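Reader: I should like a close reading of one part of this model, namely its charged side chains and the partners they meet. Please place that part in the context of the whole chain and indicate where the coordinates call for caution.

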Amino acid sequence: MSLPRPIKFRKICSLPKKNRFGPLGKTGETAEVVLLTLDEYEALRLIDLERLTQEECAQRMNVARTTVQGIYTEARKKMTDSLVNGKTLIIQGGQYEMCDGKDKICRRRRCCNKINTEIDEI
């Protein structure tokens, strides 16, 4: 019997300022929900907003490029499902650890200078 591979936490450098997005007028139990994890949020932020390559994103998140590709693909699918089908998008959870700002890769960038440790809810 082989042991499962240990979980490798994905490094993230910031939390979203808001963690809930969705159609106006739908609240509580009437709204369908899509859950986007914090590591998926980080992949979207690094690739789409910071314009990093998947390889650069993988270095920042401390995972393999193929892992980032899977995280990013799943994140875009969830975001699109929320937008197209009018579902509430909630950002929370996932397998991650916060960046401490001491990593050489992060210190070259501005990401760790503005770590937001609180998430505002709507």
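Author: Asp 48 is partly exposed, with a relative accessible area of 30%. In this predicted model, Asp 48 forms a salt bridge with Arg 76, and the closest N and O atoms of the two are 4.0 Å apart. Asp 48 belongs to helix α1 (residues 38-49) and Arg 76 to helix α3 (residues 65-85), so the pair ties together parts that lie 28 residues apart in sequence. Arg 76, at 41% relative accessibility, likewise counts as partly exposed, because its value falls between the limits of 20% and 50%.

A further group of charged residues can be described next. Glu 42, Arg 45 and Glu 50 are linked in a network of salt bridges. Within this network, the side chains of Arg 45 and Glu 50 meet at 3.7 Å, taken from N to O. The two partners fall into separate classes of accessibility: Arg 45 counts as buried, at 11%, whereas Glu 50 is partly exposed, with a relative accessible area of 26%. Arg 45 is placed in the buried class because its value is under 20%.

The pair of Lys 87 and Asp 81 also forms a salt bridge, with 3.1 Å between the closest N and O atoms. Here Lys 87 is the buried partner, with a relative accessible area of 17%, and Asp 81 is partly exposed at 23%. The count of salt bridges for the protein comes to six.

Arg 10 should be considered alongside these residues. Its place is in strand β1 (residues 10-12), and its relative accessible area of 17% makes Arg 10 buried. Leaving aside residues up to four places away in sequence, Arg 10 touches Asp 39, Met 61, Val 63, Thr 67, Ile 71, Gln 95, Tyr 96 and Glu 97.

One of these contacts, Met 61, leads to helix α2. In this helix, which spans residues 54-61, the buried residues are Cys 57, Ala 58, Arg 60 and Met 61. Seen down the axis of α2, they fall within an arc of 165°, so they line one face of the helix. Just after α2, Asn 62 takes a positive phi of about 65°.

These parts belong to a protein with four helices and five strands, arranged along the sequence in the pattern β-β-β-α-α-α-β-β-α. Of its 122 residues, 35% count as buried. Among contacts with a separation of 6 or more, 78% join residues 24 or more positions apart. The protein exposes about 8,300 Å², and carbon and sulfur atoms supply 51% of that area.

As to confidence, the mean pLDDT of the protein is 84, and 80% of its residues reach 70 or more. Residues 113-122 require caution, since their pLDDT stays under 50 and predicted coordinates should not be read in detail where pLDDT is low. For this stretch the model has 20 contacts beyond four places in sequence.

Notes. Residues numbered from 1 in each chain as written. Heavy atoms only, no water. Helix = DSSP H or I, 4+ residues; strand = E, 2+ residues; numbered from the N terminus. Buried < 20%, exposed > 50% of the residue type's maximum accessible area, 1.4 Å probe, protein only. Contact = heavy atoms within 4.5 Å. Areas by Shrake-Rupley, 256 points an atom, 1.4 Å probe, with all protein chains shown as cover. pLDDT = per-residue confidence, 0-100. Arc of directions from axis to C-beta.
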